[in-house]
Each structure stands twice: as structure tokens, then as C-alpha cells.
Amino acid sequence: MTDLNQVIFSNINGQDPWSIQAYLSSGGYQTWKSILTDQINKHSPEKIIDAVSKSGLRGRGGAGFPTGKKWSFMPETSQQKYIVCNSDESEPGTCHDRDILKYNPHALIEGMAIAGFAMGATVGYNYVRGEFMIECFPRIEQALHEAYELGLLGTNILDSGINFNLHNFLGAGAYICGEETALLESLEGKQGKPRFKPPFPANFGLYGKPTTVNNTQTLASIPKIIQNGPEWFSSFGTEKSPGTIIFSVSGHINKPGNYELPLGISFSELLDYAGGMENDKSLKAVIPGGSSTKILPGEIIQNCTMDYESLQKAGSALGTGAVIVIAEGSCMVELLKRISRFYFAENCGQCTPCREGTGWLYRILDRITQGNGKINDLELLVDVANRIEGNTICAFGDASAWPVQSFIEHFFDEFEYMIKNKGKSIAA
Amino acid sequence: MLNSKIKDEIDHWIHKFPEGKQRSAILSSLHAVQHHNRGYLTTELMNDVADYLDIPKIQVFEVATFYSMFQTKPVGQHEIAVCTNISCMLRGSDNILQHIEKRLNIKAGQSTIDGKIFLKNEEECLAACTGAPMMMLDHHYIENLDIKTVDQILNDLEKNND
């Protein structure tokens, strides 16, 4: 089998891996120290951004945008610039950033310091979701404190002339704040309502200053990429999807868990890692990248590899790498209704198609499960979903539409059966 | 009026932000005052936060009503939030929630009559999908739940008289 934990989690096997002692003894902060001592030749900002680009690292928060390219958008300016980490993990099915915050907080801190240096951002904020206040937040605060104690952060760090100050921030429960401009609004102390783009954060970000927002896993991958070189990182994975990713595998399997594996492994190998199907049931469907990605029937995903291209070709997306496994016997109407309830509850209320449409989607699905569905409801659901998709400020609207479109496309019979049989599920 | 402990906590947050950007400390200020007020906010407390941060009251109120972790009505002292999102649903979270509702004789979104437990209506995924089903008790994550564990937790809560 393919080796687990080769990049982000490569140093979390010993005792208290979250302590700075453990991190230092596994080679942690070497990259940062090396930058501090040779910031002009070996580790110029241009060379760091170039290395990140060459590594092929793509944003692990769901959209998969090339990280090096994103960093290169930051303008040359004398203004204050910011690097912001999106630790507002809340895409349904996704729980790997939580493990990074818990077990490898220093990799994130080092990654943010390197990112800040490369983009000329001397201040960073790590936006942690509010619900992590007891479990993850004290740990990342402690890690930050340790890094300051050793003089690895602050002003004129180790006499290098480099400044980098980092702060942890705590959200307060709003899925939408995972959208990067909503996150910036929230960081400014406002309601988390996404901004219209352009201007993009690189030009108008936090407090109107140039800002780059990256996901926790993305930033935690950086120290090793710079230390071992981009070729090393891209030697994992496939040509178009290089590197490793942490798959959060949940649902009807024997060993739910976070598995860091090279991109491009086959779905069946990933399923083996997760201990196979629970109770030896057969595979019905998989949501491959968090609830915002389109569902794929078992017979389709069984032939897929877990990377950007293969899942896109199959009609879905890699998303956050949150693989939700669904066994035979599950009611697809009830599952879709739960997903739609979530988007209805969590929409920010800003754009009409999304605010009104998500309510329509949920209420129609609710009446179908109550036995009051009408035969043209399926057409209506798809019509409403299509009118939301592409017509909103941010991707939340699309995320609410895709599950509806894909569930009905692949499991039309189940929906039709329930409408015709007054709420009775074909799966029951 | 905010006591000095809360003010210190708010000051700690204000210092993370640039001069004049104390609005950024609203979320943390509300967490602090809510925590010291047994889990919910009052209009008076929100006004106090606005005064202390020297910002318009509406800016605090609109944040308090937007984010799901802030309660603007009295709720029970201990908060239980059962995740019922997709990954937890696949592993039986609905049974867990129903069991708690039945045992406490309340529905999700309500508090027990003795004011001890608030059963939050949790819509968001709580990012512990590999430990499903799970719930939070006063923001502590408790994973791989079954009915027996839930009963034990509720027994302990009922015995506890803090």
C-alpha cells in the first residue's frame, strides 16, 4: 500500500507532536531559520514563490487554486500587507484542519511566516472557527506563544531585519465565513457577507490592504516544500495533481479517519485504508469533496482516482478531500433534504437567488418526504437550483445547487418513487 | 457595566488589531461577555461592549444576531449541540438527538425548565466527521457517541450542581 503521512503529518508520530520541542527535533523551523539567515540569495521572496509554483501545490480549502499563482498576485507596495489563514473549517465532511491545529500547529505557524515573508506581509491572522475554542484554540495559542518565546516571530527576528507578527482569531459560528472575503469581513468585526469581486483580496483585502487568504493545510505544507524542494513534493501524486492531501473519510466505513495520501490514488485503495464498507454493505454513492461537491454513484467513483482531473471528468470535484461514503440502503431523498437544510440555514441572506432559493429547495424536499410531493416537484427543484447557480456573489449559491442537481440526476427513480408513494422511501 | 476581568480580556483582543480597528474585537468581546453571563447576551451587555469599544451599538447587535454561537435570549447554562449534518446523520445522529430530546423533554432549540441545559439547534457541520456521531458539551467535543455514553453525560450533568 502507499505510505501515509509523508508531508503534512510526517512529524506527528512521537510524543506531544504539538510541542515546539517535538517540532524542532523533527527539523521544524529549519526552513524559517534558513530564510532568516539567507534572505537575499538562497531564499529571496521570488525564489520562494517560484518554488511554491513549481511544487504544483493547489489550495486545499476546496477551490484548488494554484498557491504560487495566488501569492504572485500580491502587489509591490509600501502599504501594510496581510497573510490570513482560513482555519474556519466547516465544509460538511471535512475535519483535517482540526487535526493540523491540534497535532501540528507549528507547521502552520512556520508556513504562515514563510508565506508572509514571500509576499511582504508582516502581519498574519489565523482565523479559527469559533466551535474550536476549547479544543484547538488553546493549542494553537500555546504554539504561537512558544514560537515568540524562542524569538522566531516578532520584530527584527533573530537580527534578520525581518518582521512578522501573527495573531490567532476566533470566529463565532457561520459556515459562510469560510468564503475568503466573508472571512475578511468577519475579521473586521462585521457580519460574514462575501464581498463582490473584483477587487480581489490581493488588491483590496483586510482593512482594504493587500491580503492573501490560504487554507490551513495549504500553509502547513509550505515548510516541507521549501525545505525539501518542489520536485520532492511533486514526486508525490500525479503530474497534474502533485503532492499529498489529507482525505477525511467519513460515513459507512469501518475506519473513518484522516488519511494523508498522494493525490491520484485509486478510490478503492482509499476505501481499503478506511477499512472497507461497514457491515460489508455494498457501496451506493460517494460525495467526494465535501457536501458542496456533486454526488457520484458507486459504479462511477469505483473507476476514479482521487485527484482534481479524474473527479472533474467524472462530473464532480476533489473539493476539500472530504470523502463521504454512502452504503446501499440509505435514502437519497432524506440525505439531500439534510444537505439542503444546511444551505438554507447557513446562507448569509445577501443575494436573492440564494436566500430565497435555498428555502425553496428545502421546503420542496421537506414536502416530498412528508408525503405531499407533487409530480412536477423534481422539475421545480432542478429549475430553482439552476436559477441559483452562477447568479450569486460567491460560490455558496453554486454549492447549494450542485447537490440538488446531482442527486436528482443520479437517483431520479428514488425521488419519483417517494412522490408517487406519498413519502415512502424506496430504500426503506 | 463590564467588570475588570472582561475588560482585560477585551483589551487582549484589541491589541491584536491595528490602531482604530477595535471593531475587529467585537466577536471576541461577545464571546467573553456571553461566557460570563451564563451563556447568553442581553441588550445591556451588547450596549456595554459597544460603549467599551467606542463603536455604534448596531455594529455589535448585527454581529450578535448573525453568528450562531451567540444567544440573544436566555438559554440553559450548559450547551449541548448534537451535530446532525451529513456525515453524522449517516452514523445515527438522529437517534442520538431524539434520545436527548426525549430524555430532557425538550426539542432542539429549547432549554430545560430548570435552566440547566440548552439543547442547541445545530445546523452547521462541527468538523469531527471521522468521529461521527458527535456532539459538543460546552464546546468540548465528544465523539463516537452511543446512547449509553449520552446517558452517562446527562447523568453527570444532572448530578453536577455548579
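1. Let's start with helix H5 of chain A in this predicted model. H5(A) spans residues 96–103 and is mostly covered, with seven of its eight residues buried. The buried ones are A:His96, A:Asp97, A:Arg98, A:Asp99, A:Ile100, A:Leu101 and A:Lys102. Have a look at the charged side chains in that list, because two of them, A:Arg98 and A:Lys102, come back in the next point.

2. Which residues do A:Arg98 and A:Lys102 join through shared salt-bridge partners? The network brings in A:Glu135 and, from chain B, B:Glu143. Across all chains, the search of the whole structure gives 28 salt bridges. A few of the others deserve a closer look.

3. One salt bridge pairs A:Arg195 with A:Glu185, with an N to O distance of 2.7 Å. A:Glu185 belongs to helix H8 (180–187) of chain A, while A:Arg195 sits in the loop between H8 and strand E4 (211–215), so this contact ties together parts that are 10 residues apart in sequence. Are these two partners buried or exposed? A:Arg195 has a relative accessibility of 13% and counts as buried. A:Glu185 is buried as well, at 14%.

4. The loop between H8 and E4 of chain A has something else for you to inspect. The peptide bond joining A:Lys197 and A:Pro198 is cis, with omega about -5°. A cis bond also joins A:Pro198 and A:Pro199, where omega is about 5°. Both prolines belong to this loop: A:Pro198 lies there, and so does A:Pro199. It is also the loop that holds A:Arg195.

5. Now for a salt bridge with a partner in each of two chains. B:Glu123 and A:Arg341 meet through their side chains at 2.9 Å, N to O. On the chain B side, B:Glu123 lies in the loop between strand E2 (117–120) and strand E3 (135–137); on the chain A side, A:Arg341 is in helix H14 (residues 332–346), so the pair joins two chains. B:Glu123 is buried, its relative accessible area being 19%; the cut-off for that label is under 20%.

6. Helix H18 of chain A shows how burial can be arranged around a helix. Its buried residues are A:Glu414, A:Phe415, A:Met418 and A:Ile419. Why do they count as lying on the same side of H18(A)? They cover an arc of only 135° around the axis. On the other side, A:Asp413 and A:Lys420 are exposed. The buried residues pack against strand E7 (283–287), H14, helix H15 (352–369), helix H16 (377–388) and helix H17 (396–410), all in chain A. H14 is also the helix that holds A:Arg341 from the previous point.

7. H18(A) has a salt bridge of its own, between the side chains of A:Glu416 and A:Lys420 at 3.7 Å, N to O. These residues are four apart in the helix, which runs over residues 412–420, and are therefore separated by about one helical turn. A:Glu416 is partly exposed, with a relative accessible area of 25%, whereas A:Lys420 is exposed at 54%.

8. What phi does A:Lys422 take just after H18(A)? The value is positive, about 50°, in a residue other than glycine. A:Lys422 is in the segment after H18, and its relative accessibility of 63% makes it exposed. Chain B offers another case: B:Asn105 has a positive phi of about 60° although it is not a glycine. B:Asn105 lies in the loop between helix H6 (93–104) and E2 of chain B and is exposed, with a relative accessible area of 68%.

9. A last word on the cysteines. How many disulfides does a search of the whole structure find? It finds zero over all chains. For A:Cys177, the closest cysteine sulfur is that of A:Cys348, 9.3 Å away and so too far for a bond. A:Cys177 counts as buried, at 0% relative accessibility. A:Cys394 is also in no disulfide, and its nearest cysteine sulfur, again in A:Cys348, is 6.5 Å away. A:Cys394 is buried too, at 12% relative accessibility.

Note on methods: Residues are numbered from 1 along each chain as its sequence is written. Chains are lettered from A and ligands numbered from 1 in the order in which they are written. This is a predicted model: local features need pLDDT of at least 70, side-chain atom pairs count only at pLDDT 80 or more; totals for chains, interfaces and linings use all residues. Side-chain values use heavy atoms; hydrogens and water are left out. Buried means under 20% relative accessible area, exposed over 50%, partly exposed in between (1.4 Å probe, protein chains only). A salt bridge is a side-chain nitrogen of Lys or Arg within 4 Å of a carboxyl oxygen of Asp or Glu. A disulfide is a pair of cysteine sulfur atoms within 2.5 Å. The arc is that of the directions from the helix axis to the C-beta atoms. Contact means heavy atoms within 4.5 Å.
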